Amino acid sequence: MKKSFVKEGVLRLLAVMFTMMVSLGCFKLTAAAAANERRDTMPLDDQWHDYWGDDSSVSYDYHYVELPSDGFLTYYCKNYNLSGYCDNILVEAAENETTRSSYSYKWLSKNDAGFESTVALSKGKHVIRVSYLGSTYGKYQLKAKFSPANNNEAEPNNYFDSAKELAANTEITGFLSENDDADYYTVTLSAPKKIRLYYSAVSDTNFHINDMNYLEKWKDVYSYGEHYTDQYLPAGTNYIVVKRNRCSTYKIKWTTAPVFAESVTISGSKEVAVGKTIGLAANVLPVDTTDKTVKWTSSNTSVATVADNGVVKGKSVGMTTIYAETVDSSNKRAEYQIVVKPKTVEKVKVKAKGRKTVKASWKKQKNVNEYQIQFCKNKNFKSGVKTRKVNGYDLKSAEVKAPKKGTFYVRVRGNYYANGKTYHGDWSKPVKVKVK
């Protein structure tokens, strides 16, 4: 471990010394030295190409690559038979031959098998620069390939004065590379507005919102993955700035921020008969709430169910609570108590028993705790109506006294008593009986 650190330190020191010597004129690029400079255009075909060094003190190979679009240049360098006094070469990806800085660099010695390096670059011409150090000579192999970033940003947009307009609901895929470290966009508003900014990045990226005076109002740094933020922006020109921490593709899009629900209430009937339906309405405020959708649920589905559109169906006599809850993450909920009352009594039969007594029978209903039996001389039950009550659960018949002897029409209904109130079912069809 210590030897590798020492070797790496020595190599870095040699590189620094070499650069300083060139800049100070210790190595003059004379006609003789220029003869040791070789230039070619390297195809991005992912195929190995052979290059021979010589035994002069310094020589350069310049391998030019032309990138058809923004993207990732990957190059591989392999040691074939490097040797010599220093037996090292410096392989760099750079903007051109003369620039002192490089996008990336690697040392390759006779003891190294090779390396791979990937650099994010903008469209255009770049160079892979190979420098021989000392009396290094021999052969190395090089190949390169390219992967597009598939970005759709418009360049140049590298500062506030060249920022490109970002329209609402328009997604931009941008690319930050070794030679493009920031992108600027404008958001122009005719009136103050709360916007929602969606942003994502493959690796660490800084996102900023600045006002018309270039002052920063919000930021999320070292961000990657998918995110959004809701921000209130003034009328006029605002800026979205994306800066590089690591080379990366990113996406941005803004929309009008949603208006969330502040309250929800339920309106509609509070009663429904078994087997019948009623419609409930959810009233969501404010009126400009973006998403007024609610989720309907029933606390007791054996008593009543509720559909997605708020339609409640009675299943059995009893009480249940219906809930309407917003789905826009505001977590607003309303509750509404529903009573399911008895349905129309079916299969009613009435038989005279003598002494003004009749026996009425019907189809039993679950949870009904009271029945009413009415007598009337007229089939329409408009006047002269007499009512008898019988209490008890699970009843299916009862004997009651008629008002007097003679012919009567008889009808029956079930009742449900809850919360200090009696809820009546519908009357059965009248049945004719002669009371003795």
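Trainee: Let's start with cysteines: how many disulfides does the structure hold?

Mentor: A disulfide is a covalent bond between the sulfur atoms of two cysteines. The search takes a pair of cysteine sulfur atoms within 2.5 Å as a disulfide. In this predicted model, the number of disulfides comes to 0.

Trainee: Okay, and what are the ground rules for reading it, and what pLDDT does the chain average?

Mentor: Residues are numbered from 1 along each chain as its sequence is written, and side-chain values use heavy atoms, leaving out hydrogens and water. As this is a predicted model, local features need pLDDT of at least 70 and side-chain atom pairs count only at pLDDT 80 or more, while totals for chains, interfaces and linings use all residues. That pLDDT is the predictor's confidence in each residue, from 0 to 100. In this chain, 89% of the residues score at least 70, and the average is 88.

Trainee: Where does pLDDT stay under 50?

Mentor: Look at the stretch for which the model has 24 contacts beyond four places in sequence; a contact means heavy atoms within 4.5 Å. The stretch where pLDDT stays under 50 is residues 1–33.

Trainee: Now the overall build: how many helices and strands does the chain have?

Mentor: Both are DSSP runs, numbered from the N terminus: helices are H or I with at least four residues, strands are E with at least two. The chain's secondary structure comes to 2 helices and 33 strands.

Trainee: What percentage of the 436 residues is buried?

Mentor: Buried means under 20% relative accessible area, exposed means over 50%, and partly exposed is in between (1.4 Å probe, protein chains only). Two cysteines show what buried looks like: Cys77 has a relative accessible area of 1%, and Cys376 has 0%. Across the 436 residues, the buried share is 45%.

Trainee: On to charges. How many salt bridges does a search of the whole structure find?

Mentor: Side chains of opposite charge can pair when their charged atoms come close. The cut-off is a side-chain nitrogen of Lys or Arg within 4 Å of a carboxyl oxygen of Asp or Glu. Over the whole structure, the count of salt bridges is 10.

Trainee: Which residue does Lys139 meet in a salt bridge?

Mentor: Lys139 is buried at 8% relative accessible area, whereas its partner is partly exposed at 44%. The N to O distance is 3.6 Å, and the partner is Asp50. Since Lys139 lies in strand E9 (residues 139–148) and its partner in strand E2 (residues 49–52), the pair ties together parts 89 residues apart in sequence, and that partner is Asp50.

Trainee: Which ring does the charged end of Lys139 sit over?

Mentor: The test asks for NZ of Lys or CZ of Arg within 6 Å of the ring centre and within 35 degrees of the ring normal. For Lys139, the distance to the ring centre is 3.6 Å, and the ring belongs to Tyr80.

Trainee: Are Arg129 and Glu92 buried or exposed?

Mentor: Arg129 and Glu92 form a salt bridge, with their closest N and O atoms 3.1 Å apart. Arg129 lies in strand E8 (residues 124–133) and Glu92 in strand E5 (residues 88–94), so the pair ties together parts that are 37 residues apart in sequence. As for their accessibility, Arg129 and Glu92 are both buried.

Trainee: How far apart are the closest N and O atoms of Arg196 and Asp230?

Mentor: Arg196 is buried at 9% relative accessible area, and Asp230 is partly exposed at 26%. These two form a salt bridge, and their closest N and O atoms are apart by 2.8 Å.

Trainee: Last up, aromatics: what is the angle between the planes of Phe207 and Tyr250?

Mentor: Rings of Phe, Tyr and Trp (its six-membered ring) pair if their centres lie within 6.5 Å; planes under 30 degrees apart are stacked, over 60 edge-to-face, and the rest tilted. The structure holds 16 aromatic pairs. One of them joins Phe207 and Tyr250, edge-to-face, at 6.4 Å centre to centre and with a plane angle of 80 degrees.

Trainee: Which residues form one aromatic cluster?

Mentor: The cluster brings together Tyr and Phe residues. Its members are Tyr159, Phe160, Tyr184, Tyr214 and Tyr239.
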